[in-house]
Each structure stands twice: as C-alpha cells, then as structure tokens.
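Trainee: Could we take a close look at a single part of this protein? I would like to see how one helix sits among its neighbours.

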Amino acid sequence: MPGAETIKEKETLKNGAGSPDVKSRSGKAAGKHSPGGVDDTIDDPPPNESRTPSEQDELEYVPDGGKDAWVVVLGSSLALFASAGMINAYGTFQNYYETTLLPSTSSSIISLIGSVQVFFLYFLGTFTGRVFDAYGTKVLIPAGSFICVFSLMMVSLCQKDQVYQVFLSQGVLFGIGIALLFNPSIAVLGHWFRRRRALAIGLTTGGSATGGVVFPILLEQLIPKVGFGWAVRIGAFILLACLIVSCLTIRTRLPLTGRLSFRTAIDVGGFRDPRYTLAAVGSFLLFYGFFIPYFYIQIYANYRGVSPQISKYLLAILNAMNVPSRILPGYVADNVGVMNVFVPAAVICCALILGLWLPSRNAGEIVSFAALYGLFSGAFVSLVPSYIATISPREKYGGRLGSVYMVIAVAVLVGTPTGGALLKETDEAHFRTLIVFCGVMTVAGTVVLAMAGAAGHPAVRRLLKRRSEDESTTDGDKTPVDVEAGGGEGH
C-alpha cells in the first residue's frame, strides 16, 4: 500500500540487499516497524560522537504519553483554538464586512484580508521553526499571544469603509501573531511523541476547528446585541484567557541549540525525492481551493434564500465537523499509513464539491455539504506535516516541512482572492464558475497526491533505485537519485 512499507524493504533499498539488523539502545532491532509504515529510524538523530551516552539516551527517548506530554497537547490545542480558530471563523467576518463594515470594497479584496492571515501563518512559520529550535517556546508563545490579542483590539476600532485599517490589523498583524503561535505549538509535540505523533497533531489541530465553531456563533450572537466592536473585544478576552494557559503549559523537553540560524529554515534537498516533490505540488493544488468553501458558503446560502437563522451557523457546522476529521485521521494514519488516509479523504472532497455543492439549491443540500466537507477536509491540515515526517530524516524535518509550508503559503494567499475575482456578481453563473474552479483544483491536487503515494510503493522505489544505480554506474561523477527513506540523508 502507498505510504506503508516494511523496514526490510527499506533496508533493501538502502543497501541493495538484506542487511543485518542494527541494534538500538533497547537491544531490539532498530528497524522495528511502527504503525502506519513509519520507520522509527527516520526519527533518530544522526550519531554524534561528541555526545555523552546520557545525552544520546535523552535524545533517543520519547515519552509518547504521560501527564507532562498530554499537558503540552492541551496547551497547544488552546493556542490553536485561540489563533487558527479565529482564522476558521473568517467567513463570518467576510459576510459582515461585505454587508456592513466595508460595503464599497470588492469581495476579492475582503477575502484577501483572510488569505493574508493564512499566508503569514505558513510563510513565517518556516522561520519561527528556526527560532523554536534555538530558544524553544519561551519567546514565541508569549510574543504571539500578545500580538494576537492586541491585533483584535485594533480590529474592534476599525471604522466603516476604511479597508486599510482592517487589512493592517486583522490581515497583517494578526497573521504575524498566529505565525508565532502555530508552528511552535505543532513542533513542540515532536519532543514528546513519536509513535502517536499523528494522533497528537490531530488533537492539537482539532483545537483550531473547535475555535472555528465557537467564534462564528459568538460573533453572530454578540454583534446584534453589543455591536461589532465589543463583540470582537469579547473574543479578544477569550483569546487572552486561552493563551495564558498555553504560555504556562507549552514547554520543550529536548536540549535546544541556543544558536539562531535561518540558513536551514528551508531545505530544498527534499525535492530530489519524487514523493516529496509530488506531495508539495499536491498540497499547493489542494490548498489553492481549500478555503473557498469556508469563505463563501454563507454568502452562497444567502444567495439561495436560505433562512438567516440557518445560514449564519453554516460555518460553525463546517468547523464542528472539522474536529473529528483533525483527530481520527491522525489516529488511523498511525496504523495504516498517512497516504492511505489522505488520498481517500481528498477523493471524497472532490465528490462533495462537484457532486453536492455545485447542484445544491436548498437549505438541506447546503447544510449537508457544509457538514460533510468539514468532516473530510479537516484531514488535509493534520496529515500534511504527518506525511512529510514519514519521508524526512528527523534532523531535516523542520526544513523540509518549512519548504512545503512556503508552497502552501503561496496557494492560500492567492486561492480565495482568485475565488473572489471569479465571483464578480452574486448570480448563478458566477457561483457556478467559483464552485467548478474549487472542484477542479481539488481534483488536480488529489491526483498528484495519489502519484506521491504510488511513488512510495516498494516496487516503484526499487525500480527508481535500480535506475539510479544504473546511472551512477555509467557516470561515476553523478549522484544517485535520492529515493531513500527520509531522502536518504542523515542516515
């Protein structure tokens, strides 16, 4: 199955023949197969003779549970609830801005504000990862918490038809704040989990989906009663309470470098591995259309004449169904392989967009799409870092994930504004164009992801290995194609 390989096959790929088992610290074979086809050897740091035996033991040991580890998961979940959860609620802001606060501004420009937030999350995340490696969370989490709360306070003061105020406070400033929170909250889980890493990431990213349920309902209820300004301020105070807990509970376990360098923030070496390249391209295509339903489902419902008492809860429904889809796929992926979960979820999303959203005309059909799309699309967020981890050496994982996040950052920056440009008018033809565009991008991304899974199949990898050996035999100066587990580097 794509994404599920035996260690024996990995060793064959590395050495060209079966090789003796390498004994680990525990005395068991280091090539022991972990659930989901994840080779434990990719998580171990390269040998370093300068380390003492006790330091080496500390680096190799991973708690994979226990009170301290799950407390960190709690803090990370609250950090994502407060930060990324507010991003998931942007559809509510989009609807309010178009109808009340920024009525003279185009839909494309308003959606760009939300896209800029997500762009900063992924783009700056590659560099905050380096800061995390050097100093841990003691600087990033408090700084990100302050910026997020402060930016929402500024949003609450924005004046009507002053789009630059909203862009700077909510788009730029809040985007920078969540960038400081998101990546460290995910990366710190690697200090505490190995075998159950996908589950821990799923639980943590589930926090952002939960925030996407709470904040739309909160805003929809408070804006008519206390006004937009105070509704946003109350949301900011909720963020403050959650992020205080995050500051107190998120902590690192492994030694930190204490040296800040951005030279390794992006590692393009992974693109020599066809699995990595295809995963990056597939992620770009998927995330190009990923947020379009989140931003436009409420506007579409209003166009179809759905009751406001139903349409205003669509985003909350979508995000509520995101919660199990962030957690359960991670748990299943730990056992059957990441791509064996990722690709089927993407296929179902294709069918939902083109087979349910496109022909939907009434409240029942639109609500069904929102619930089902939320249920299956949430897997995208948690499974991208999980898959990159399975094909990357531990010491290069941060840089490899950073490179993929840079690709995703470009996709989310232009994706929803492209949708807004396609929706020049809220009529049948323009909505159809928007939905078809979203579906086509999702189908294209799914096909490329399936190719990445196929490239990881043992038979395909053996074929690539033989081809690279043939090339290296004919030309001794050429380096063989990098098709080994984890890019074949650092082992």
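Mentor: Happy to; here is the setting, then helix 8, then a loop residue.

This is a predicted model, where local features need pLDDT of at least 70, side-chain atom pairs count only at pLDDT 80 or more, and totals for chains, interfaces and linings use all residues. Residues are numbered from 1 along each chain as its sequence is written, and side-chain values use heavy atoms, with hydrogens and water left out.

The protein chain has 19 helices and zero strands; both are DSSP runs numbered from the N terminus, helices being H or I with at least four residues and strands E with at least two. Of its 491 residues, 56% are buried, meaning under 20% relative accessible area with a 1.4 Å probe, protein chains only.

Helix 8 covers residues 140-155, and its 16 residues reach 22 Å from first C-alpha to last, close to the 22 Å expected at 1.5 Å a residue; that expected span is 1.5 Å times one less than the number of residues. Its buried residues include Leu140, Ile141, Gly144, Ile147, Cys148 and Val155. The partners they pack against are helix 4 (84-88), helix 5 (90-101), helix 7 (125-135), helix 9 (163-187) and helix 10 (197-249), with contact taken as heavy atoms within 4.5 Å.

Two of those partners, helix 9 and helix 10, are joined by a loop that holds Leu189. Leu189 is buried, at 1% relative accessible area. Leaving aside residues up to four places away in sequence, Leu189 touches Val72, Val73, Ser76, Ala200, Ile201 and Thr204. Ile201 lies 12 residues from Leu189 in sequence and 7.3 Å from it in space, C-alpha to C-alpha.

Terms used:
Buried < 20%, exposed > 50% of the residue type's maximum accessible area, 1.4 Å probe, protein only.
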